[in-house]
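Me: I'm new to this one. Can I put some "how do you know" questions to you while we look at it together?

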4 protein chains.
Amino acid sequence: MYNFRTDLALERRDLYNKAHNIEKDIDGIETEEEKINDSLIISRVKVTNKQGEEAIGKPQGNYITIDVKNLKIAQNDEIQQASEAVTKELKVLIEKHINMEEPILVVGLGNIYVTPDALGPKVINEIDITRHLLHYMPEVLEKGTREVSAISPGVLGTTGIETLEILKGIVDNVKPKLVIVIDALASRSIERISSSVQLADTGIVPGAGVDNARKELTQNTLGVPVIAMGIPTVVEAATIAADSLTLFIKTAQEKGESNEFLNKLQEEDKYAIIKEILAPEEYNFIVTPKEIDSLIEKMKDIVARGINFAVN
Amino acid sequence: MYNFRTDLALERRDLYNKAHNIEKDIDGIETEEEKINDSLIISRVKVTNKQGEEAIGKPQGNYITIDVKNLKIAQNDEIQQASEAVTKELKVLIEKHINMEEPILVVGLGNIYVTPDALGPKVINEIDITRHLLHYMPEVLEKGTREVSAISPGVLGTTGIETLEILKGIVDNVKPKLVIVIDALASRSIERISSSVQLADTGIVPGAGVDNARKELTQNTLGVPVIAMGIPTVVEAATIAADSLTLFIKTAQEKGESNEFLNKLQEEDKYAIIKEILAPEEYNFIVTPKEIDSLIEKMKDIVARGINFAVN
Amino acid sequence: MYNFRTDLALERRDLYNKAHNIEKDIDGIETEEEKINDSLIISRVKVTNKQGEEAIGKPQGNYITIDVKNLKIAQNDEIQQASEAVTKELKVLIEKHINMEEPILVVGLGNIYVTPDALGPKVINEIDITRHLLHYMPEVLEKGTREVSAISPGVLGTTGIETLEILKGIVDNVKPKLVIVIDALASRSIERISSSVQLADTGIVPGAGVDNARKELTQNTLGVPVIAMGIPTVVEAATIAADSLTLFIKTAQEKGESNEFLNKLQEEDKYAIIKEILAPEEYNFIVTPKEIDSLIEKMKDIVARGINFAVN
Amino acid sequence: MYNFRTDLALERRDLYNKAHNIEKDIDGIETEEEKINDSLIISRVKVTNKQGEEAIGKPQGNYITIDVKNLKIAQNDEIQQASEAVTKELKVLIEKHINMEEPILVVGLGNIYVTPDALGPKVINEIDITRHLLHYMPEVLEKGTREVSAISPGVLGTTGIETLEILKGIVDNVKPKLVIVIDALASRSIERISSSVQLADTGIVPGAGVDNARKELTQNTLGVPVIAMGIPTVVEAATIAADSLTLFIKTAQEKGESNEFLNKLQEEDKYAIIKEILAPEEYNFIVTPKEIDSLIEKMKDIVARGINFAVN
């Protein structure tokens, strides 16, 4: 299979179509794009059968990408609009799997002490939970209120325990009918750092982020449907260099300064080449934008409000 | 039974002896005090039989209080000494229950976003965990390294899940032979706020802190021995007022300005009286010292280092 | 002069009237109270001449207290209402001294690392400053925009420099026509902790807070009018005890259990008595509510929004 | 003059020598390197006359670079060694300008709310200040204690006031004989991010960092000698891409896959080329390592301890 080197079903579809020189989606893949406004675009990819699965290497399910342009300078209005988009998309996904009153557990992966990895725990602190109220004082809640609980399990490096080991026991005891997992992940494109929310009702599979050690969090392992909300917050130096090299060769080509070597290079996966070059020098560090503190705060509002209005 | 209104076995012993006008410990209670230096005192109370249990209303087990005077102005040396005292006492307790290589899970109760309640989560971030290394790269560890894992489960108000429900599942999956639980709790004496560490190998029972809702965390519920490390970080206004009133009457008595009413009052539990007076006015709030941020940082070092050297 | 032991002109007026058994304000003092709603009350005291000054020991000027009940559980609506009240009162005070385009410097006193003392620095981070834009790109601002700058000078214990020494130089260079100083201060009443904003156009005078060392920040020392915004965030244990003792004696009196000693005591300043008792025992520490982190966040929103809409 | 595109006198010397194909330093430049151990290297460059100034475009003065390898994984020992190196070098620089008892003001530039820019304010919080004690209780200090004060003036975007405007007034009032300025700056080499401390007794000149707006902080503007301590904490994407492209071409050359175009390119300033390519795409963002929170904590210890032992 093609080495897509991206988790985004959307980007994989593009790469597949480009590689096969086709313009329309193949059978098994359905896509659509909705432009809410200049700074908010929603892309939906649906993998519907085995053929679709094989083409882009993602399990059958729904994959939605919400891109927020210029989050750095976004004000309350843009943040509110983005959170409403998250609510709308998430609600549709949830309703595909459970009904309105069935309990949901929200899981915030990540490390509160590492700014670019703190999104998950920060969102959990903002989730409007109801489970304890339903148990201890149901009279304060409207009839039919959904049971919502939330947990921030920490990271392997701090706990020594796989996320799955922690969640397995909690799911067994709390018995949600659906799990939403928030995960700060590595971007494979400098354009998407801290400006995208990716929803997928297929859960999280190994290799999706920078931490390969953790096991998959899916219906297979947790026993209930898992909606993954992935937010790119970091990027490898090799990705930045590869993207820049692509732009560089493109510019050289446009100016007629290219040659056979560079032309051929432009067709290849420059990430793999750059990664190999940087690795021995230990230069392939993972970076995050300078403004990450404020980006995380804004993204926290988008994701937390998005979830709160979708589940309650 | 006498309403001790304190969790400290030590203080209960004192109250029991005073109430019964006895000076030596009764059968079933063994106590000793060790003064390390002017600012570090260790008190050990052992409840050894049913009679002891009934006298002070605490289950059979070991209760150790480490008092650090003037933590506010403590420097590195004092913090190091205090952490060494914690290590020594904790090690003795651990060895009473498991052998040197058996796995331990450290649990930090509390809420990272509420300064006086953040001690547990902050300690967890400093624990030297080994469990993941033993699983994935045992070669980097010395032979015989104990398996240590750690978790900060959050609080009911943020998760909607009882601490016990979370821990039960984790203990079932991680299978430690002993659990250490760190808990910031309410002090029943203004002297002990943020200056004591209390160790008990009997776990945590309801009512121990300000949050009555949580269920007990003991060998009964978790299936393995539980060592509770309680650190007082808050105090009720009623406690401050009651302690002050006691001092006030004592002063009045010394100056010959007291009378029958006050003399009688001095014998009673002023906390209950004050609490009743303050309650309808909603004045009985819970307070913490102004310097709580720095006290928590220092206590975090004492407890985390204390545990790290005791378990590894 | 009577030892008022409170900075609040409002409370001093009450104490003065009670002590002199009068019900109407004397010449030199004008007061009014406005109840916005159940949780928002505004009191205005104006000292208009020498006689008023002498009566309550405060210089001529305007003193406004905005009380927000139950800030602990306040939601966005209540916070917005409170900030609008701050805006309205602050605007009136500002317009008494300067016109709409004259420059203002906002000063946030306090220590960002000490939660109950962090309000000032946190507010500064939220102030909509315009001074640099007016200098470097005035075209992005509407004509007539006021020049607003802001500074958080730190505390004597961290800088080694008196606040006045720092501000003097900045005022000389930045040349504002009015200075607004935000200051977290000690409450003299348990009711007002973290639930009041006090505005005074007479600046800050020594002894106003817990840190006596700092010099006064007034028109005398800075050369331009100074509006002080004081927010009580801490309270002495002696204040809690004194207030409780007052309630205690009142209850005893109501139940007919009092006597001459207590009756006489009820007339006196119990704070001074309690303080003397607690001092040698080193029990007179300064405390803050357990929920101080969230109280400071809410108060930060009230004060910052209040200022932003008043000055721009 | 050559566009050095680096502030480091050290790197400029290398570039100059390489460009002129010389191996020994020219008259006006003196350099030496000291390798303390595998992870700690100190380089000293001295510009001694006009010819040296012109060659590398830096004013006469002393430039010292302390490189700490692998700060990410550094433990207490390495941090202690690095801080001792800072102390030693800083002490020599200080003694070149003032005597042992003359007062020093330490200034921490930066924004406490932006992690990669928070180093300065965080260091200020750890400086052992003495000025207030010398004024109010000199008896607690040893005779001859130097007067040390410290300030964190904030950033233009938060205060609306140029750093120089703030410092000018403070220096006039506090009257130090020397100023030490700590500044998180942009690295021009991916190798040096968060692993170097650069000392220079020539102060800070415009364009040194990412914020061009601020004016120079030097003896010219402040009236006393200024020692700048610069710590690279961020890097432009263009720098990463340019460094990677250099490595990429080098690898191509070694494998015989290069050509005239690339060979020629290798001689040029790839940063300028890449910057031009990235700019229109708005891809030239500024990034910081994912581990920046912990890197800043470690660097804070190195710098604060380094200063404390150098000045006291």
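Me: What rotation superposes chain C on chain B?

Reply: A rotation of 180°, with 0.1 Å of shift along its axis, and the RMSD is 0.1 Å. The fit is by least squares on the C-alpha atoms of residues with pLDDT of at least 70 in both copies. The two copies are therefore related as by a two-fold rotation axis. In chain C, the C-alpha nearest that axis belongs to C:A241, 2.2 Å from it.

Me: Where do these values come from, and how do I read the names?

Reply: This is a predicted model, where local features need pLDDT of at least 70 and side-chain atom pairs count only at pLDDT 80 or more, while totals for chains, interfaces and linings use all residues. Residues are numbered from 1 along each chain as its sequence is written, chains are lettered from A and ligands numbered from 1 in the order in which they are written, and side-chain values use heavy atoms, leaving out hydrogens and water.

Me: What makes B:R131 and A:E165 a salt bridge?

Reply: The rule wants a side-chain nitrogen of Lys or Arg within 4 Å of a carboxyl oxygen of Asp or Glu. Here the closest N and O atoms are 2.7 Å apart, so the pair passes the rule. Across the interface of chain A and chain B, two salt bridges are found.

Me: How many residues of each chain are in contact there?

Reply: 32 residues of chain A touch 32 of chain B, where contact means heavy atoms within 4.5 Å.
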